[in-house]
Amino acid sequence: MEQPPEAIRSQEGQLSPFDWYAEMRAEDPVRFDEQREMWDIFRYEDVDRVLKDHDAFTARRTREDNEFSSDAEDDTGMLQTMITADPPEHNRLRGFVDERFQPGSIREYQPRVEAVTEDVLDALAGEEQFDFVDEFAIPFPVTVIAELLGIPAERRDQFKAWSDALIARPKNGTQTEIQRIQQERQQARQEMSDYFTKLVAERRGGDGDDFITLAANTEELSREEKVGFCILLLLAGNITTTNLLTNAIWSLEEQGLTDAVRTGAIGRKQVIEEVLRYRSPVQSLNRIAIADVELNGKQIQAGDAVTLWLGAANRDSEVFDTPEEFRPERRPNRHMAFGMGVHFCLGAHLARMEADVAMQQLLERFDRLDADLSNLDPLYSLYGLKSLPCEVNRTA
Ligand code: HEM
């Protein structure tokens, strides 16, 4: 796993990298980190430029183990997916599915997402305390993806176990533990790959409206690429959404705004956008330079790796007024939490709808949702929490 920069490696730094971002934006907005041997880029304008300049920067991974991407090709011998492809190859890998993630299609999925939310909340019936992360924010998006992929209900526990293995993180960091986690991750990938290969073959020629059938029937992708697409949805769409939901409850509680959202004084959709900006689940993305480029007075050379700090760009005062304040009413809110350019998140509209439905139902069911913020434990690699204990009161 790639190390975070030293300045934010501590638990405190992971929870709040924002002072460091502010300092870097002001003093060293394009800096080379000798320790990690890569560039860090902090300002909105520069991050935007790199993400849109496909001639100078590639999304292909020449460094392994980017947690966020499907680096499955390393372990399973699969071909790359859209997230690590550059145009025009990228268009081929994404084009067949783009339409199905546009707002019109997403609205059609909403009743199914509502049903999933109800199921996950029903499982909490009778609890007065629960861990929001483990018992809601993790199972909810996994079940939504399973539903949209058309995974039979009886396989969903298995599906969740694979997903857990893929996102497992070391707790005590011993060599034995790291090895065990890597082995389990590798095994989960292999099993998932075998499972999707079978489903893709079975559904070819079928007329189902699930994503596996869609992939199975496209002429654009090879068989391995179809399987890669299914795994990518799972990898890119779950823990990110988990963190959006967790960060939303965390931020509302911290800002004392839960009741304002409940009464409708503040719109849910605006809150979600501001959480995406203020506590972006994906704080950084990586690219590799494929040409020599000058950026903000610094010379980046072909072959250099760069980290783009979305979390820092999202608090750049050149673009946002009072960026360090949580202000759901801000308009426009041009955050980059879903990236920029051709790789702009495929699932952005789905994630927004999931968060909206989840928030609505949570506030309807519970007239109190006291999240305990006294002992925040950050999740390394993506921005969120390992747990968020809540004490609840039911409305009905
Ligand atoms: C790409 C964030 C939810 C599927 C991205 C990227 C970001 C992002 C920053 C750009 C990656 C890059 O440029 O290298 C998020 C966040 C989410 C979320 C913050 C939740 C709050 C989802 C969901 C799905 C999804 C629910 C699917 C079900 C994808 C895919 C890509 C992607 C397939 C690759 C797109 C491409 O390369 O063209 N996401 N994502 N994401 N996301 Fe999301």
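**Figure 1. Strands β3 and β5 of the predicted model pair in the antiparallel sense.** Two bridges link β3 and β5, and the model in which they are seen is a predicted one. F57 has A289 in β5 as its bridge partner. In general, the strands of a sheet pair through backbone hydrogen bonds, and the pairing may be parallel or antiparallel. Strand β5 also pairs with β8, again in the antiparallel sense, over five bridges. In that pairing, S284 has W309 in β8 as its bridge partner.

**Figure 2. Five strands form an open sheet with mixed pairing.** The strands follow the order β1-β2-β8-β5-β3. Strands β1 and β3, the latter spanning 57-58, are the edge strands, and each pairs on one side only. Within the sheet, β2 is joined to strand β8 (residues 305-309) by three bridges, and these two strands run parallel. Two positions illustrate the register of this pairing: W39 stands opposite V306 in β8, and D40 stands opposite T307 in β8.

**Figure 3. Strands β1 and β2 form a hairpin.** Strand β1 covers residues 30-33 and strand β2 covers residues 38-41. The two pair over four bridges in the antiparallel sense. R31 has D40 in β2 as its bridge partner. Four residues lie between the two strands, and E37 in the turn has a positive phi of about 55°.

**Figure 4. Helix α3 lies across strands of the five-stranded sheet.** The helix comprises residues 44-52. The strands that α3 lies across are β1, β2, β3, β5 (284-289) and β8. Relative to β8, helix α3 runs at about 125°.

**Figure 5. A second open sheet is built from three strands.** The order of the strands is β4-β10-β9, and the pairing is antiparallel. The edges are occupied by β4 (129-131) and β9 (366-371). Each of these has a single partner strand, so one side of each is left without a neighbour in the sheet. From one strand to the next, the twist averages 30°. Strand β10 spans residues 389-394, and three bridges join β4 to β10. At one position of this antiparallel pair, Q129 stands opposite E391 in β10.

**Figure 6. Helices α6 and α17 cross in a right-handed arrangement.** Helix α6 consists of residues 103-122 and helix α17 of residues 348-365. Their axes come within 9 Å and cross at roughly 35°. On the α6 side, the contact is made by P103, I106, Q110, V113, E114, T117, E118 and L121. On the α17 side, the residues are H349, L350, M353, E354, V357, A358, Q361 and R365. Sorted by class, this contact contains eight nonpolar, four polar and four charged residues. Many of the spacings within such a list can be read with the geometry of a helix in mind. An α-helix has 3.6 residues a turn, so residues three or four places apart point the same way.

**Figure 7. A shell of 25 residues surrounds the ligand.** The residues that come nearest are G237, G339, H343, C345 and G347. Helices α12 (223-237), α13 (239-255) and α17 each supply at least two residues of this shell. Of these contributions, the largest share comes from α12, with four residues. By class, the shell has 18 nonpolar, six polar and one charged residues.

**Figure 8. Helix α15 is largely enclosed by the rest of the structure.** The helix spans residues 268-278. Nine of its eleven residues are buried, so the rest of the structure largely encloses α15. The buried residues are R268, V271, I272, E273, E274, V275, L276, R277 and Y278. These residues pack against α13, α14 (258-263) and α17.

**Figure 9. Residue Q255 belongs to helix α13.** Is Q255 buried or partly exposed? Q255 has 17 other C-beta atoms within 10 Å. A residue counts as buried when 20 or more such atoms lie within that distance and as exposed when there are 12 or fewer, so Q255 is classed as partly exposed. Along the chain, Q255 and L166 are 89 residues apart, and their C-alpha atoms are separated by 33 Å.

How values were computed: Residues are numbered from 1 along each chain as its sequence is written. This is a predicted model: local features need pLDDT of at least 70, side-chain atom pairs count only at pLDDT 80 or more; totals for chains, interfaces and linings use all residues. Axes are lines fitted to C-alpha atoms, for helices over the stretch in contact, and angles run from 0 to 180 degrees between N-to-C directions. A crossing is left-handed if the near helix is turned anticlockwise from the far one by less than a right angle, and right-handed if clockwise. Two residues are in contact if their C-beta atoms, placed from the backbone, lie within 7 Å. Ala, Val, Leu, Ile, Met, Phe, Trp, Tyr, Cys and Pro count as nonpolar, Asp, Glu, Lys and Arg as charged, and the others, Gly among them, as polar. A residue is near a molecule or strand if its C-beta atom, placed from the backbone, lies within 6 Å of it. Two strands pair if DSSP finds at least two bridges between them.
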